[in-house]
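Student: I should like to learn how to read the features of a structure that is new to me. Could we take them one at a time?

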Amino acid sequence: MKKFLLLIISIFLLTGCYDYKELKDIDVITGVGIDYEDGEYVVTLEILRATASGDKQELKTVLVQSEDEVFSKAFETNYTKISKLTYFSHLQLIVVSEEVAQEKGMQEIIDFLLRTSKIGNTFYTAVANGYSAYEIFDNKQKDEAVATYLVTLLKNSNENSFITVDNQFDLLTSKLLSKGHDIYLPSITIEEEDFKVSGLAIFDGFDMVGYIEDKYSTILSLATMSSMNNIYVNDGINAINIDKSDYKIEVEKDKITIVLSLEGTIKSLDKEFSLKDEDTFTWFEDHFSELIKKELETSIQELRYYNSDILGLGNKYYKKYPRKYHDGIGNEIDYEIKVDLDVNKFGILFEVIQ
Amino acid sequence: MITKKQYMIISYFLSRFLFFGGGISHLFALGKVDTWIACILGFLLGLVAFKLLHIFQIKNNEKSFLDVIKSNIILKCVTYLFCFILLNYTLISITVMTNSFFLFKTTPLLIGGCFLLAIVYGVSKKEKIFARVAELLFPISIIVFLFKSAGYGTFALNYTDNLFPMFYTKIPDFILCATASFAYSFIPNILLLSFANMNMEYKDMIKGYAFAGVTIVLTILIVGMVFGYPLAAIIRYPEYMVLKKISLFEFIKNIENILTITWEFDCIVSGFVIVNVIKKINNSTLPQKIQKVTYPLLILLSLIVAVYFFQMKYENTLAFYHNSTYIIAGIGLLLLVSLLFLVRKKKNN
């Protein structure tokens, strides 16, 4: 009898599907846009919604928007405009406008997003350059949600990957909270209705302080991530492609040395050169090592102008000499750049076709 | 009677369950970047303290520690209080976590009730059966742990920088962290004395504990590497959050909810042992006529206190979070020292 009762109870309690939801009953949030207009936060949710069309189910994106002086209220008010259950597990991208990043800073936003348990922390963040975040999400793509499209664009951007796992929201926050480390975010703009990745938005603490140009961000990526890259460097005539990069930051009491180990492929060369001559390779290695070194130095000077330490030099110093550390040391300390470039690939031509 | 292998396995689960929930973030708040070093120290202290359990076992001719205290009502009350606090800790961890991440709309009483029901059912089947359940859950726990390590181990290696600067935590905080780690890992193992005396060798007794130590230190190391200090200290359930990073071959993702199953195992096996001791105290103290009523009442009391007093009032949960380590360590050590004293006295007599 006991077993029978247990069986009956199990039928009702152990079904596992009593509260399941069909795709058509939930609103999947793929992107969030955050603007600041007239003293109020404007939060836009990009919703991927399943709609029935004949026998088929179609997915379309819808934008919902709310505003308030307080960020959390602006965010939560959106729920009053959505009839279905909101689902944040597939949130891919948060786009913040320049006004938000520069005037209000990211503190309130980061605090709210990290605090909310239903939002996962593995999404990416970007800055809308010259447009509002709403305009970015309103520039709809044919086949997919804007957030999905932009994340793919940022990951596969031709110059280099602007986002890696390092830029996921929780790891970004971790960097921001650690001593002597500032963050950078990729910025997105629209050119003739097409999206374009446009340089890096750099921060000093929670506040965005400016943009740095594409060419700097490309070189800086060599000193911020070790990866398989596709970075094109040229001097007007000769050019190499950096396929693989690794970096090391060595800290001494009064100096920091940035060591780049790079592997490159010759992409174009002056007609005087022959690739049967080993001196050509030596020339390329020396010439481009010097070029990269100079560009990196200029980039660091640019960062120092903004008082932003996105390379985390201060953080490295703190880790080695915590007692000697003070805020801003990363932007004050002397530094040296060493580039070890190995050029050993060149395609299938030995000579320049004339 | 349980086997030596089952003893080691139960020790493995008991040594882990207090870390789940508030444990790891509490340790990070104390130990900061040096948490993992303090934890190793805590576990080493535990290995030394296991010698005390071994001494008790050698000197005790009786079956279990409950036979030693059978006429001592004060020690019985202390033991019940100890079990009551441990059971509350488990129930609070399970209900708060489940309610925060998985079952937002389910009432905590139902979550805790279902969990407790499974434990009570296991205990009703006697030690041999629940020890066998632990034995079956152990390989799953190990496989999931290995899977987790493979999933985020290599990822975490990119962030070894976050473990520096080493030895920069203030000494009092470092010592507190090591003590808390010792308390979380070793103290619940006192309940192993409730099983019949198996005259085990010291090296056999510590196997489960040492293995649990390796898994916990590795988890703390990975959380420390990925999130770094101070983020690891300010987020709740950092050990759960880090699971979100697992990505195997780019297609095994979003499996954090499945992987938390090992913590459920830790809590459920530890729950078996705790409730089993409560049942034994109840049966050896109270008249037979009322035993069947008082046993469920004692268990229900834990559930009601855990849900209504702690889970639903966050200020109480917070007070518990801040003080439970010291209360558990204090009562546990008091119990252990009293037991050693009693058994020595008996032997001398």
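Student: How much area do chain A and chain B bury between them?

Tutor: The size of an interface is often given as the accessible area lost when the parts come together. In this predicted model, chain A and chain B bury about 1800 Å² between them, and 57% of that area is on carbon and sulfur atoms. Chain A brings 21 residues to the contact, and chain B brings 23 residues.

Student: How many salt bridges cross the interface of chain A and chain B, and which side chains meet there?

Tutor: The rule finds 1 salt bridge across the interface of chain A and chain B. Lys316(A) and Asp161(B) are the partners, at 2.5 Å from N to O. Polar contacts between chain A and chain B come to 4 residue pairs, counted with both residues at pLDDT 80 or more.

Student: Which helices of chain A supply at least two residues each of the side that touches chain B?

Tutor: Two helices of chain A do so, namely H7 (169-177) and H10 (313-320). H7(A) provides the largest share of that side, with 5 residues. By residue type, the side of chain A that touches chain B divides into 8 nonpolar, 8 polar and 5 charged residues.

Student: Let us turn to pockets. What volume does the second largest pocket have, and which residues are closest to its centre?

Tutor: The second largest pocket has a volume of about 570 Å³. It is lined by 19 residues, of which Asp111(A), Leu114(A), Arg115(A), Thr116(A) and Ile234(B) are the closest to the centre. Both chains take part in this lining: helix H4 (107-115) and H7 of chain A, and helix H5 (73-102) of chain B, each supply at least two residues. H4(A) gives the most, with 5 residues. The lining of the second largest pocket comprises 9 nonpolar, 6 polar and 4 charged residues.

Student: Next, the backbone. Where are cis peptide bonds found in chain B?

Tutor: Most residues other than glycine have a negative phi, and most peptide bonds are trans. In chain B, a cis peptide bond joins Phe164(B) to Pro165(B), with omega about 0 degrees. Pro165(B) belongs to the loop between helix H7 (126-156) and helix H8 (171-186) of chain B. Tyr229(B) and Pro230(B) are also joined by a cis peptide bond, with omega about 15 degrees. Pro230(B) is placed in the loop between helix H10 (207-227) and helix H11 (231-234) of chain B.

Student: Which value does phi take at Glu192(A), and where is this residue found?

Tutor: Phi of Glu192(A) is near 50 degrees, a positive value although the residue is not glycine. Glu192(A) sits in the loop between strand S7 (184-191) and strand S8 (194-204) of chain A.

Student: Finally, how many salt bridges are there over all chains, and what does the pair Arg49(A) and Asp27(A) tie together?

Tutor: The count over all chains is 12 salt bridges. Arg49(A) and Asp27(A) form one, their closest N and O atoms being 2.8 Å apart. Because Arg49(A) lies in strand S2 (residues 40-53) of chain A and Asp27(A) in strand S1 (residues 26-37) of chain A, the pair ties together parts that are 22 residues apart in sequence.

How values were computed:
Residues are numbered from 1 along each chain as its sequence is written. Chains are lettered from A and ligands numbered from 1 in the order in which they are written. This is a predicted model: local features need pLDDT of at least 70, side-chain atom pairs count only at pLDDT 80 or more; totals for chains, interfaces and linings use all residues. Side-chain values use heavy atoms; hydrogens and water are left out. Contact means heavy atoms within 4.5 Å. Buried area is the accessible area (1.4 Å probe) that two parts lose on being put together, summed over both. A salt bridge is a side-chain nitrogen of Lys or Arg within 4 Å of a carboxyl oxygen of Asp or Glu. A polar contact is a pair of N or O atoms within 3.5 Å; within protein, one must be able to donate a hydrogen and the other to accept it, and residues adjacent in sequence count only if both atoms are side-chain atoms. Helices (H or I, at least four residues) and strands (E, at least two) are DSSP runs, numbered from the N terminus. Ala, Val, Leu, Ile, Met, Phe, Trp, Tyr, Cys and Pro count as nonpolar, Asp, Glu, Lys and Arg as charged, and the others, Gly among them, as polar. On a 1 Å grid over the protein atoms alone, a cavity is a set of points where a 1.4 Å probe fits but cannot get out, and a pocket is an open set with protein on both sides within 12 Å along at least five of seven lines; lining residues have an atom within 4 Å of a point. Grid points are joined across faces, edges and corners, and a volume is the space filled by probe spheres set on the points.
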